[in-house]
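Trainee: I should like to go through the reasoning behind several descriptions of this model. May we begin with a pair of helices?

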Amino acid sequence: MRELVVLGTASQVPTRHRNHNGYLLRFDDEVILFDPGEGTQRQLLLAGLPVTPIKRICITHFHGDHSLGLPGILQRISLDRVPHPVAVHYPAGGQEFYDRLRHATSYWDNADILPSPVGAGFLTETSAGHLTALPLKHSIEAYGYRLTEPDTRRMLPELLTAHGISGPAIGELQRTGHLGPVTLDQVSAARPGQSMAFIMDTGLCDNVYTLAQGVDLLVIESTFLAEDAAMAAQVGHLTAGQAAAVARESQARHLVLTHFSQRYPDPSRFLEEARKEFDGPITVAEDLMRVPFPARR
C-alpha cells in the first residue's frame with residue numbers, strides 16, 4: 001500500500017472544515033507521520049488508522065499548527081504499547097521545543113522514542129529508501145523532507161526460462177549479479193524507485209526545487225493565492241501558482257496542494273490558479289482524503 005492520508009489541511013488556525021496539519025505516508029512497511037498539528041490523534045481515528053504502524057515522525061518546524069499534536073501522538077504510542085522504536089525527526093535548533101512537547105504532561109511513558117535532530121545534509125535509511133532533509137526559507141528554522149526509493153530490477157520470467165534459470169538459482173543471480181555466463185541485466189528490466197517530497201512553510205528558494213526534483217508525489221504548501229503574493233513573501237509562504245510552478249519546473253508527477261489560509265472559503269480557486277502553471281494531476285487536499293501514489297514510470 002502506497003498512499004498519502006491527509007489528516008489536516010489548515011494553516012495557522014483550524015476551520016469548521018479543516019483541521020490543523022497532519023499527513024500520514026504509507027509506503028509499504030514504512031509509515032511516516034508528517035507535521036502532527038492539534039487534533040491529529042482524533043483525525044487518525046476518523047480515518048480508521050491506528051498509531052501502531054507508525055515508524056517515524058517528521059516535524060518540518062516548530063510552529064504550533066505543525067507540532068502541537070506531537071504530545072498526544074507520543075502518549076498514544078505509549079498507551080497502545082507500540083512494540084517497535086519510533087524515530088522523531090525535527091530541526092536541531094528547536095531542541096528546546098521538542099523537549100517540552102516530548103514531556104508536555106504526566107503519563108506512563110513506556111514507548112521507545114528515538115529523537116533524531118535534523119540539520120543540513122540530513123540523511124537516514126528507512127525500509128522504503130533514503131529520507132533526506134534540506135533547510136527552507138521561513139521565519140524560523142524549517143526543513144523539507146524527501147523520501148527516495150532506490151532503483152531495482154524486475155526479473156523477467158520468459159528470459160529466465162530461456163536461459164534455463166529457475167528455483168533457488170534466481171535468488172543467487174539476484175544476489176551476485178551473474179550466474180555463470182548469464183548476467184542480471186540479461187534477464188531483468190530496470191524498475192525505477194518512487195519518491196515523495198514534503199514541503200511546508202517556506203518562501204521560494206533553491207532547496208524547494210531540489211527536494212521536488214522529479215518526485216512522483218509533491219506535497220507542498222499553498223497558503224495564499226496570487227492576489228496576496230506580497231503577504232506570502234513577507235511571511236515566508238507560497239501561493240498556489242508558485243507551488244504549481246515548482247511542480248512544473250521540477251518535473252514532479254502529481255501535485256498535492258495543502259496548508260490553506262482560512263481567508264479563502266472557496267478551495268476551487270487554488271486549483272484554478274495552479275492549473276495555469278502545471279498541466280499534470282493536481283489534488284487540492286481535503287481532510288481525510290487518501291491520495292494514492294502514481295503508478296510506476
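Mentor: Certainly; the model is a predicted one. The crossing of H9 and H10 is right-handed. Its contact is made by Ala240, Gly241 and Ala244 of H9 together with Phe270, Glu273 and Ala274 of H10.

Trainee: How do the residues of the contact of H9 with H10 divide by character?

Mentor: Four are nonpolar, one is polar and one is charged. Glycine is counted among the polar residues and glutamate among the charged ones.

Trainee: What makes H9 oblique to H10?

Mentor: The axes of H9 (residues 240-250) and H10 (residues 268-275) come within 8 Å and cross at roughly 45°. Angles under 35 degrees count as roughly parallel, and 65 to 115 as roughly perpendicular. The crossing angle falls in neither class, so H9 is oblique to H10.

Trainee: Why is Cys58 not bonded to Cys205?

Mentor: The sulfur of Cys58 is 18 Å from that of Cys205, its closest cysteine sulfur. A disulfide requires the sulfur atoms to be within 2.5 Å, so this pair is too far apart for a bond. A search of the whole structure finds zero disulfides.

Trainee: Why is His66 called buried?

Mentor: Its relative accessibility is 0%, and buried means under 20%; His66 therefore counts as buried. Cys58 is likewise buried, with a relative accessible area of 0%.

Trainee: Where is His66 placed, and which residues is it in contact with?

Mentor: His66 lies in helix H2 (residues 64-67). Leaving aside neighbours within four places in sequence, its contacts include Asn21, Asp35, His61, Asp201 and His259.

Definitions and conventions. Residues numbered from 1 in each chain as written. Predicted model: local features only at pLDDT ≥ 70, side-chain atom pairs only at ≥ 80, totals over all residues. Heavy atoms only, no water. Axes fitted to C-alpha atoms, helices over the stretch in contact; angles between N-to-C directions. Helix = DSSP H or I, 4+ residues; strand = E, 2+ residues; numbered from the N terminus. Parallel < 35°, antiparallel > 145°, perpendicular 65-115°, else oblique. Left-handed = near helix turned anticlockwise from the far one by under 90°. Contact = heavy atoms within 4.5 Å. Buried < 20%, exposed > 50% of the residue type's maximum accessible area, 1.4 Å probe, protein only.
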